[in-house]
Amino acid sequence: MTATNGLRLLPWSSPEGKPCFLSTDSGSSRLSRRADEIEDLQLSMGAELLGHAHALLNERKADVREVRFLAERLCEALRDALRVAESRGERLPTHDDDDDDDSDADQTGENTEQVSAAPQKPLSTS
């Protein structure tokens, strides 16, 4: 289910663990704004957890229980971050592939156009 069908993946699951979706024409509805707030909170909590993980892993005295607890929390944070990325990615505008110029397609039909931030310099063989 993608944004093209008008559904937004929400940053929480049902009690059964199933994804929750919001059907709305507006990204500024009360529930959309609440979902945005929760996504931001989840991402900031993940970043804070990453700092704690770095500190714990640098501590030579961390025991197996602490590291296991950390791993479980990191898995939760990663799951949340991936859900946020999926939800936000589905809401990005997409271009219509029919409007593309076919001159950039190779014989396999794949687009071979490359974009470079800086001019490419030839490699030296000396």
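I'll start with strand 2, residues 19-23, where the side chains alternate. Cys20 and Leu22 point to one face and are buried, while Pro19, Phe21 and Ser23 point to the other face and are not buried. Keep in mind that this is a predicted model.

What does strand 2 pair with? Strand 1, residues 7-13, runs antiparallel to strand 2, and four bridges join the two. Leu7 stands opposite Ser23 in that pairing. The hairpin has five residues between the strands, and in this hairpin Gly17 takes a positive phi near 85 degrees.

Next, helix 1, residues 30-58. Helix 1 has 29 residues and reaches 43 Å from first C-alpha to last, close to the 42 Å expected at 1.5 Å a residue. Its buried residues are Ser32, Ala35, Ile38, Glu39, Gln42, Leu49, Ala53 and Leu56. What do the buried residues of helix 1 pack against? They pack against strand 1, strand 2 and helix 2, which is 64-90.

One residue on that list deserves a slide of its own: Glu39. Its relative accessible area is 1%, and the cut-off for buried is under 20%, so Glu39 counts as buried. Which side chains make polar contacts with the side chain of Glu39? Arg8 is one of them, at 3.3 Å, and Arg91 is another, at 3.5 Å.

Leaving out residues up to four places away in sequence, Glu39 touches Arg8, Leu9, Pro11, Val84, Ser87, Arg88 and Arg91. Arg8, then, appears both among the residues Glu39 touches and as a polar partner of its side chain.

That's it from me.

Notes
Residues numbered from 1 in each chain as written. Predicted model: local features only at pLDDT ≥ 70, side-chain atom pairs only at ≥ 80, totals over all residues. Heavy atoms only, no water. Buried < 20%, exposed > 50% of the residue type's maximum accessible area, 1.4 Å probe, protein only. Pairing = 2+ DSSP bridges. Polar contact = N/O pair within 3.5 Å; in protein donor to acceptor, adjacent residues only side chain to side chain. Contact = heavy atoms within 4.5 Å. Expected span 1.5 Å × (residues − 1).
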